[in-house]
Amino acid sequence: MPEFPDADTRHVLEPDCERCPALVESRNCISWGQGPLDADLVVVGEAPGAGNPDAERWRGGNYTGMAHTTRHSGRRVRDLAADLGHADAYFTNAVKCHPPENRDPTPDEREACAVHLETELAELEPAAVLATGKHATASLLSLADRRLDGFVSTVGDCVREGCPLDWPGFDAALVPALHPSYEDVWLSRLDLSRDEYVAGLRGALAAARRQD
C-alpha cells in the first residue's frame, strides 16, 4: 500500500481559482498537483471524483486538496507508478476541480485548466508523462493540437511496442495508461497480464531522455 502523501508537497498555482463557475460551485476544494518538483515522471489523471469525506485518510482530492488520493483509484495509480520505478512521481490532474455529478469536464473547463497543467509541465520539465485514462490522454494530446483515436488500442500498441505517443512541442515522452478503475477489464480484453503491461509501460517510459 502506498504511503499517504504529505500535504506540504502540494503545488498550489492559483489559490481560490474561479475560472470555471460550475466547478467552483461543485468542488469542496481544489485538488492540486502533489510531489517533488524535480520528479522525472508526471502522472496525469482526468479530474478528481466526488471523494469520500468519511474515509480515514484517502478521501480523494476533492477533500484532501491533493491529486490521486482516493482509496481505490488514487492508491492504484500510486502503486502503478511505484511498480514502474517512480514512487517519487509528481501526481496531478488535467482538471483540478470535481465536476458536478462526476460528469466529464467540458471542453471549456479543460481549456481553462490547461494553463495550470502547462505551468506544471514547464516548471517540472519531466522526462516522461504517464496519462491515466482516455480523457487525461486526450487533454495532454490537445496541448500539442493532436487528437486521440481509439484509446484502448492505442495503449495496447504502446505497451507492446514500448514506444510513447507522438507529442510535438514537448521534450517529455507521453505514455498512455489504462484508467485504474477499468484496468483489469481492459487488460483481459487486450490479452495482457499485468506483468506484461507494466513491462511495456516501463519500455515506453525508458524511451524518454531528459533534454540537457
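Colleague: Let's start with the cysteines. Why is there no bond between the sulfur of C97 and the closest cysteine sulfur?

Modeller: First, remember that this is a predicted model. The general idea goes like this: a disulfide is a covalent bond that links the sulfur atoms of two cysteines. To count as one here, the two sulfurs must lie within 2.5 Å. Now take our case: the closest cysteine sulfur to that of C97 belongs to C113, and it is 6.4 Å away, too far for a bond.

Colleague: And how far is the sulfur of C29 from the closest cysteine sulfur?

Modeller: That distance is 8.5 Å, and the partner is C97, so this pair is too far apart for a bond as well. The structure as a whole has zero disulfides.

Colleague: Is C97 buried or exposed?

Modeller: Check the relative accessible area against the cut-off: under 20% is called buried. C97 comes out at 8%, so it is buried. Compare A7, which has 43% and is therefore partly exposed. You'll find A7 in the segment before strand 1 (10-11). Also, A7 and Q34 sit 27 residues apart in sequence, yet their C-alpha atoms are 7.8 Å apart in space.

Colleague: Now the empty spaces. How many cavities of 30 Å³ or more are there?

Modeller: Here's the idea: roll a probe the size of a water molecule over the atoms, and you see where empty space is left. In this model the count is one cavity of 30 Å³ or more. The largest cavity holds about 110 Å³ of space. Its lining has 15 residues, and nearest the centre are C17, C20, L23, C97 and C113. Two elements give two or more residues to that lining, helix 1 (21-26) and helix 4. Helix 4 gives the most, with three residues. By class, the lining has 10 nonpolar residues, one polar and four charged.

Colleague: What volume does the largest pocket have?

Modeller: About 740 Å³. There are 36 lining residues, and the closest to the centre are E46, A47, S73, H179 and S181. Helix 2 (61-64), helix 3 (73-83), helix 5 (134-142) and helix 6 (151-161) each give two or more residues to the lining. Sort the lining by class and you get 14 nonpolar, 18 polar and four charged residues.

Colleague: And which residues lie closest to the centre of the second largest pocket?

Modeller: That pocket has a volume of about 300 Å³. Of its 13 lining residues, R110, A138, S139, S142 and R146 are the closest to the centre. Helix 4 (107-124) and helix 5 each supply two or more of the lining residues. The largest share, five residues, comes from helix 4. This lining splits into seven nonpolar, two polar and four charged residues.

Colleague: One last feature: which way do the residues of strand 3 point?

Modeller: In a regular strand, side chains alternate between the two faces of the sheet. Here L41, V43 and G45 point one way from strand 3, while V42 and V44 point the other way. Five of the five residues of strand 3 (residues 41-45) are buried, so the rest of the structure largely encloses this strand.

Colleague: Which strands does strand 3 pair with?

Modeller: Strand 5 (residues 128-132) is one partner, parallel to strand 3 over four bridges. In that pairing, V44 has A131 as its bridge partner. Strand 4 (residues 90-93) also runs parallel to strand 3, joined by four bridges. There, the bridge partner of G45 is N93.

Definitions and conventions: Residues numbered from 1 in each chain as written. Predicted model: local features only at pLDDT ≥ 70, side-chain atom pairs only at ≥ 80, totals over all residues. Heavy atoms only, no water. 1 Å grid on protein atoms, 1.4 Å probe; cavity = no way out; pocket = protein on both sides within 12 Å on 5 of 7 lines; lining within 4 Å. Points joined across faces, edges and corners; volume = space filled by probe spheres on them. Nonpolar A, V, L, I, M, F, W, Y, C, P; charged D, E, K, R; others polar. Buried < 20%, exposed > 50% of the residue type's maximum accessible area, 1.4 Å probe, protein only. Pairing = 2+ DSSP bridges.
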